[in-house]
Amino acid sequence: MAREQRICVTVNGKVYERTVPVRLSLADFLREHLHLTGTHLGCEHGVCGACTISLNGRSARSCLTLAVQADGANVITIEGLRADDGTRHPLQQIFLENFALQCGYCTPGMLITAIELLADNPNPTEREVREALSGNICRCSGYQAIIDAVLIAARQAGVAHANAQVR
Amino acid sequence: MSDARFVNLKAVGSSVIPDEAVPLVEGDGRFLNDIKLPGMYQVAFLRSQHAHARLNSIDAGKARQLPGVIKVLTGKELFGKVDPFRSMPNRFSGGESIQHWLAVDKVRFCGEAICAVVAEDRATAEDACNLIEVEYDPLPAVTDPRLGEQDDAPLIHDACKNNYLIKREYQRGDVDAAFRNAHVVVKRKFRIGRKQALCLESRGCVAGYRESTFTLTVWISHQLPYVVRHYLAEHLRMPETDVRVIVPHTGGGFGQKASIYPEEFVCAWLALQLRRPVKWVEDRLENMVASTHARDQYIELQIAADKNGRILAISSDIWVDVGAYSIYLWSAGMEPLQTAGLMPGPYKIEAMRYRTRGVATNKTPVGPYRAVGRPSASASLELLIDELGRRLNLDPVEIRQRNLIPLEAMPYRNANNLVHDNVNYLPCLKLAVAKAGYERLRKEQHEGSPNGKFRGIGIACYAELTGLGTSTAVGPGTLLQPGRDAVTLRLETTGVLTIAAALPSQGQRIMTAMRQVASDELGIRLEDITSISNDTATAPYGFGTFASRTAVFGSGATIKAARELRQRILVIGAFLLQVPIEELTITNSVVHTVDRSKSIALKDLTEKSYFSAKSIPQEINPGFEVTAFYDPKFGSFAGGAHIAVVDVDPKTGQVEVVRYVAAEDVGTLINPAVVEGQIIGGIAQGIGEALLEELVYDDAGQPRTMTLADYLVPSALEIPRIELHHANVPSAALGGFKGCGEGSIIGALGSVACAVADALSRHGGDIHDFPATPERVLKGLGVLASTQ
Amino acid sequence: MKPAWFDYYAPRALSEALHILGDAGQDGRVLAGGQSLMPMLNLRILSPAVVVDINRIEPLNELRADKDCLTVGALVRHADLLRSADVCRDWPLLAEATRQVAHMAIRNRGTVCGSVSHNDPAAEHPSVLVTMGGTVVVAGRQGRRELAAEEFFTGTLSNALEPGEMVVQLRYPRPSARTRSAFVEFARRLGDFAMAGAAATLTMRDGTCEHARLTILGMGQGPFRAHAAEQRLTGRRLGPKECKDGFAEAVAKVTADVDPADDVHASSSYRRHLAGVLALRALETALGRTGGKVG
């Protein structure tokens with residue numbers, strides 16, 4: 001039957017084999033089937049960025065990806081940012097210390113996008129940070145604390161290393 | 001000899017990192033859609049395709065047969081079994097609007113819920129919705145309030161003559177004389193477009209039958225858990241004590257999640273009927289039509305002034321497009337009455353008159369959204385004050401200085417009967433002007449821009465009444481007087497302090513603030529204080545989070561309860577340490593004599609009090625649970641002055657905010673970083689209002705802005721770095737606190753609107769229709785014909 | 001916002017994909033990047049019976065720069081173009097336009113061929129393909145055919161594909177070293193659908209314009225090739241002072257000839273105005289650049 005398919009996806013380093021409806025989005029697969037609810041749905045048409053995850057090393061909107069398309073793929077979500085011993089990713093720590101989240105709904109997408117930015121461009125200008133994050137909507141913060149957190153992270157040693165681990 | 005552990009670092013005033021944020025940053029938040037219960041069904045709503053129509057028939061036969069569909073509920077089935085929402089009483093009500101949870105014989109806005117489909121999963125529920133056949137008999141739609149109030153307009157509610165949901169006239173002072181004797185009168189019409197809060201997480205609920213000892217448990221993304229409980233019980237005709245409401249992590253609220261909507265009530269009813277948990281998550285497409293809209297005013301404003309630019313009187317004529325129903329809980333009076341009534345802002349205005357109407361139209365109902373009518377009122381007044389300044393050749397700063405209520409005049413009762421006290425309007429303006437380098441900004445503006453852009457500078461001063469107590473209704477005319485928010489402090493057996501209050505946060509860290517306040521009052525370490533805020537089963541009664549009140553109410557009640565609790569602790573401490581109580585204090589969770597010769601850790605004191613109660617006289621061991629209410633009676637005015645600098649591209653009409661300076665008086669700060677986040681967040685929303693956000697309808701009442709590609713909110717590129725400064729003066733409320741959640745959006749809409757108008761006025765242009773889209777800017781410059 | 005049911009296929013060979021698409025006819029859709037298709041499916045604007053995911057067809061992932069042209073296969077993502085040194089250096093108009101496509105997460109998945117097939121009036125790629133005189137290679141069960149860019153775009157969100165056909169490749173001729181180009185667009189926010197845009201190339205020899213190509217996007221019916229404007233510039237001297245008149249005439253032709261639609265984002269008169277503003281910006285920027293490189 002072409003309406004269900006067995007898929008094998010690596011998520012945050014762990015391999016999962018599941019049978020899924022073909023119309024199920026990757027976002028819903030992560031949230032409903034794997035109970036990784038850290039990835040959020042804000043619009044389901046690719047604009048708000050809250051659902052952004054890392055797919056095979058690059059950021060992607062999980063609301064615009066079918067779960068079946070992730071068969072054989074490597075996915076990282078916000079839950080995968082912790083180190084194996086449970087310590088937060090340095091960017092998460094910096095977000096916390098710099099009040100770079102309020103309601104927290106945009107945060108998963110912001111973190112994934114920021115990590116990709118810093119991996120591609122370890123020393124961005126403020127303008128470059130704003131551009132990179134312009135596809136992630138935040139309604140609470142006015143962005144300033146988030147931008148500052150990313151700039152702080154860029155200056156800190158150890159962040160690049162942690163980013164590389166995530167990829 | 002100093003002992004570091006006795007040194008108290010003040011928590012109030014420190015940017016304490018909130019424990020509340022930890023699960024959120026780690027991806028372990030529990031938002032509404034994260035909740036899964038065994039056997040849970042999912043709900044989708046079939047929504048009206050027409051703005052105004054009779055519902056002739058609904059055929060759900062095919063839908064019911066779809067595998068995975070459990071039930072299709074219609075308004076007819078609910079009719080008589082539950083109470084519809086009748087518009088909340090308001091002294092200025094027009095007629096009564098009755099909103100059935102699912103439309104029965106008529107639909108009154110595109111998106112109104114008609115059927116609820118219950119299925120095993122959401123996708124199947126949506127499949128079923130597509131199989132339902134509805135026969136509509138379309139009626140002419142009302143889409144403009146100025147036409148809707150005409151005698152020949154189609155009637156949306158039989159009981160609302162001229163489609164008035166709200167109507168009020170008000171006058172104070174001799175307005176006619178003021179206008180007669182004025183040296184100058186300026187007059188303008190303004191239009192502020194329709195908006196919505198656009199929370200990143202839309203609404204939702206999970207309703208459960210007997211999920212715990214309560215018959216009905218409802219998890220709901222909402223700001224007012226006890227209010228939801230009250231109305232659920234009332235409308236479902238069940239005892240209030242059978243209902244439990246839990247607010248999970250909430251992704252934005254901004255007032256949109258403070259109204260009462262039919263969908264969650266339908267889910268509650270379904271859960272009781274089906275005896276299974278029922279979940280509904282509002283998707284974004286629904287959210288654009290199902291959750292309250294805001295603003296949408298037509299404002300005709302006049303100022304009468306003397307030759308020195310002193311305002312003698314204002315007069316306004318206001319129409320608000322309040323949508324199809326009077327929103328439940330607040331009434332349709334929110335925008336119309338606040339826009340008109342709060343027009344004077346921070347200015348000394350002795351005489352004012354207004355005529356305001358909330359006219360029903362065939363659009364989504366309008367409800368409260370951050371600052372409600374104040375941004376539109378303030379923007380109109382600020383724009384017209386600038387116009388007045390141009391007429392009298394007075395700089396915008398100068399004319400405002402002449403009109404702001406000075407500290408010396410306070411307490412000052414304004415023409416709208418509000419008393420201003422303990423608020424720094426003039427110092428904020430002075431501070432903003434100084435920090436912005438205002439004179440140099442004007443000089444640069446005068447010299448012109450090398451990049452060909454038109455520079456504009458706008459100033460807005462605002463007043464924001466926060467922390468309203470029982471003397472002031474939450475909105476003019478409403479019969480709702482919030483003011484009974486309890487805080488319970490309880491010292492646990494291990495010496496940990498729990499603060500409980502029904503004041504959920506959507507990011508503003510209310511419980512962190514209250515922990516900070518409690519820490520200072522009691523001398524207990526922050527890490528020894530925890531909190532409960534979101535569950536009617538565990539938090540004491542409270543109205544909830546809205547109207548910039550939690551800093552005042554929550555902190556005030558915390559202080560009152562803390563003082564009582566501290567006394568109880570010291571009495572027992574005196575007994576246990578055998579010293580007079582006057583010699584005792586508490587520092588860093590240790591009860592000790594001032595000379596530090598004797599001490600007992602709080603956890604040891606509590607353990608003894610709980611478990612060795614025999615050793616302590618009964619009369620001094622009444623327990624460690626204290627509940628207090630705080631009613632400040634009057635509100636506490638916050639205020640500010642914002643200066644926005646914009647560059648307008650005369651070719652495309654694009655407006656860029658290139659600099660933004662804000663000087664605020666938000667009273668005594670509890671957590672400065674949290675306050676800063678609130679202020680900047682409000683400014684971002686105000687910039688969105690001024691330049692980007694607009695919900696558009698066509699003449700048939702069809703919404704044209706359906707997705708986030710149409711309704712544009714600011715991204716990180718549209719908000720400049722905000723330069724924030726403070727000129728705080730404590731309020732008269734306990735602790736000296738003020739609310740800060742809403743003021744900044746007022747300043748932002750005003751300052752950016754004025755900046756755009758300033759840029760255009762220097763090139764023979766004008767603008768009074770907002771948001772200032774590129775097209776409106778070019779029309780204002782005369783580059784495009786205005787008759788389009 | 002969950003999609004309606006569809007049958008899903010993820011073939012590993014193009015022939016199989018074409019077979020399934022051929023059977024599905026009007027009811028079939030190609031899923032490549034999904035950045036245009038998935039929103040429509042989620043919003044239930046579209047409910048195809050059959051979705052053919054081409055992401056497993058390895059040969060379609062071809063990005064190749066030759067002496068004469070750039071070949072872009074159906075699985076090449078916007079981000080792949082930007083990461084190609086060849087593209088950035090030698091096809092600057094394409095690179096400049098691609099940088100303005102949405103945001104990184106969209107560019108990582110969305111494909112160039114997908115954007116071309118979808119032909120959204122606000123999209124960048126259709127106009128660039130037209131301006132560069134590119135070719136669209138189409139495959140169906142019955143075989144392949146090639147269309148010139150302008151033949152391919154047939155109207156608002158429409159293309160010349162027959163039911164069962166798909167775009168497998170685009171070819172962009174290599175611009176000459178004497179060609180200067182510019183892509184400009186105007187959107188409310190960076191990354192938004194453009195309200196209007198212009199792609200311009202000027203092939204210059206000793207201060208005279210040998211060829212001018214100008215395409216306007218955002219006018220509603222797909223890329224608008226401004227022939228009359230191009231004619232005003234071809235063969236004309238475009239020195240620092242002379243270009244003013246030439247450009248003014250070209251722009252006047254643009255604003256006279258475009259036929260923009262009214263929609264919730266802009267009225268037709270505003271779009272017409274923007275077309276002129278952006279055409280001028282594109283021409284001026286192109287002229288100001290040294291040959292072949294983005295200034």
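**Entry 1: accessible surface of chain C**

I took accessible areas from the Shrake-Rupley method with a 1.4 Å probe. The model I examined is predicted. For chain C I obtained an accessible surface of about 11,200 Å², and I noted that carbon and sulfur atoms hold 49% of it.

**Entry 2: fold and dimensions of chain C**

I counted 12 helices and 14 strands in chain C. I then compared its radius of gyration with the value for a compact globule: 295 residues would give one near 19 Å, and chain C has 19 Å, so the two agree. Along the principal axes, I found that the C-alpha atoms of chain C fill a box of roughly 60 × 45 × 35 Å.

I looked up burial next, and 59% of the 295 residues in chain C are buried. For contacts in chain C between residues at least 6 apart in sequence, I recorded that 63% join residues at least 24 apart. I also located the charges of chain C: the mean position of the 36 positive ones lies 5 Å from that of the 33 negative ones.

**Entry 3: chain A by itself**

I turned to chain A and found six helices and five strands. In sequence order I read these elements as β-β-α-β-β-β-α-α-α-α-α. The radius of gyration of chain A is 16 Å, close to the 15 Å of the globule rule for 167 residues, so I noted chain A as being as compact as a globular protein of that length. I recorded a span of about 50 × 30 × 25 Å for the C-alpha trace of chain A along its principal axes.

Of the 167 residues of chain A, I found 66% to be buried. Taking contacts in chain A with a separation of 6 or more, I attributed 55% to residues 24 or more positions apart. Chain A exposes about 5,400 Å², and I assigned 47% of this to carbon and sulfur atoms. For its 15 positive and 16 negative charges, I computed mean positions 3 Å apart in chain A.

**Entry 4: the interface of chain B with chain A**

I listed 58 residues of chain B in contact with 46 residues of chain A. Between these two chains I found a buried area of about 4,200 Å², with 55% given by carbon and sulfur atoms. I asked which three residues of chain B supply more than any other three of the area it buries against chain A. They are V25(B), L200(B) and R721(B), which supply 19%.

**Entry 5: the interface of chain C with chain A**

I found that 29 residues of chain C and 30 residues of chain A form this contact. The buried area between chain C and chain A is about 2,600 Å², and I noted that carbon and sulfur atoms give 53% of it. On the chain C side I identified W5(C), Y8(C) and R109(C), which supply 24% of the area that chain C buries against chain A, more than any other three residues.

**Entry 6: T707(B)**

I placed T707(B) in the loop between α18 (672-691) and β30 (722-726) of chain B. Is T707(B) buried or exposed? I take T707(B) as buried because its relative accessible area is 11%, and buried means under 20%.

I then looked up its surroundings. Leaving out residues up to four places away in sequence, I found that T707(B) touches H45(A), M288(B) and L43(C). I also checked R284(B), which is 423 residues from T707(B) in sequence, and I obtained a C-alpha to C-alpha distance of 7.2 Å between the two.

Conventions: Residues numbered from 1 in each chain as written. Chains lettered and ligands numbered in written order. Predicted model: local features only at pLDDT ≥ 70, side-chain atom pairs only at ≥ 80, totals over all residues. Heavy atoms only, no water. Helix = DSSP H or I, 4+ residues; strand = E, 2+ residues; numbered from the N terminus. Rg over C-alpha atoms; globule rule 2.2 N^0.38 Å. Buried < 20%, exposed > 50% of the residue type's maximum accessible area, 1.4 Å probe, protein only. Contact = heavy atoms within 4.5 Å. Lys, Arg positive; Asp, Glu negative; His and termini not counted. Charge placed at Lys NZ, Arg CZ, Asp CG, Glu CD. Buried area = accessible area lost by both parts, 1.4 Å probe.
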